[in-house]
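These are some short comments on the model, set out as numbered points. Please read them with the structure open.

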Amino acid sequence: MISKKSYSLTAVPMGHSNAYLLTAGGSAVLVDTGCPGKINKLESALRENGLDFPDLGLVILTHTHYDHAGCLAEIKERSGAKVLVHEAEAGCLEKGYTPFPKGTMWFSRIISGLANSLFAFRAKYVPVKPDIVINKEYDLGYYLPGTKARVIPTPGHTEGSVSVVLGNEEVVVGDTLFNDFPKTVFPPFANDEKQLFRSWEKLAETSCATFYPGHGGALSIEKLADSYRKLSKRV
Ligand SMILES: [Zn+2]
Ligand SMILES: [Zn+2]
């Protein structure tokens, strides 16, 4: 757990993806909801922070892949929290299915092909009707009082991908950055690589130093800058 002046951020591993619990001024916000069936991990994290489900005021989805929307329906039911999603993926969320993005590397092209055919059933999750549908920056002052927190669109991995910027300190980025590999933060899957690099530029412009991805641990602006230098010429 990392504590900062105006808020606290707790990473909650929920299967092979991370959710993040943000608290400020007695309010709690969850970013992403992990893989299906992992709600007990969140329950423990809430308890460790002296919280329970009804304390959650808002759930933000960085995007709607099953490994980020997996426990959403159950969390919404137990907490009554509002659900925020980008308009490009609101329809997917209401259907409970979001196709896998294109592979960006040889092995992930194979995985992507299989995921959208033979294993499409595994990408399904319980559908949810969102409460807040955005198509531009969204201020989180109401849900995280006393912080300069906001949601910004960061498309590329998927069209409706968003990130949560916490002042000029930290950003929760979903799958816009991957930290599963030692030398790169490039996601193995992305629908639009060009858009993805524009989103990386947006992340760098926040002046934040630390980024919290959907897969793997926190990473520094230096690692992002290094991957950008090496890879942005590929598009
Ligand atoms: Zn994803
Ligand atoms: Zn993911």
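1. A residue is called exposed here if 12 or fewer other C-beta atoms lie within 10 Å of its own, and buried if 20 or more do. The model is predicted.

2. On helix α1 (residues 39–48), the exposed residues Asn-40, Ser-44, Arg-47 and Glu-48 sit on the face turned away from the buried side. The buried residues of this helix are Leu-42, Ala-45 and Leu-46. Those three lie on the same side of α1, because the arc they cover around the axis is only 100 degrees. An α-helix has 3.6 residues a turn, so residues three or four places apart point the same way.

3. What do the buried residues of α1 pack against? Their partners are two strands, β2 (8–14) and β3 (17–24), together with helix α3 (72–79). After α1 comes Gly-50, with a positive phi near 70 degrees.

4. Six strands form an open sheet with mixed pairing, in the order β8-β9-β10-β11-β12-β13. The edge positions belong to β8 (138–139) and β13 (219–220); each has a single partner strand, so one side of each has no neighbour in the sheet.

5. At the β13 edge, β12 (residues 210–213) and β13 run antiparallel and are joined by two bridges. Thr-210 has Ser-220 of β13 as its bridge partner.

6. Is Ser-117 buried or exposed? Ser-117 counts as exposed because it has 9 C-beta neighbours inside 10 Å. Its place is the loop between α5 (106–115) and β7 (132–134). Ser-117 and Val-164 are 47 residues apart along the chain, and their C-alpha atoms are separated by 32 Å.

Definitions and conventions:
Residues numbered from 1 in each chain as written. Chains lettered and ligands numbered in written order. Predicted model: local features only at pLDDT ≥ 70, side-chain atom pairs only at ≥ 80, totals over all residues. Helix = DSSP H or I, 4+ residues; strand = E, 2+ residues; numbered from the N terminus. Pairing = 2+ DSSP bridges. Arc of directions from axis to C-beta. Contact = placed C-beta atoms within 7 Å.
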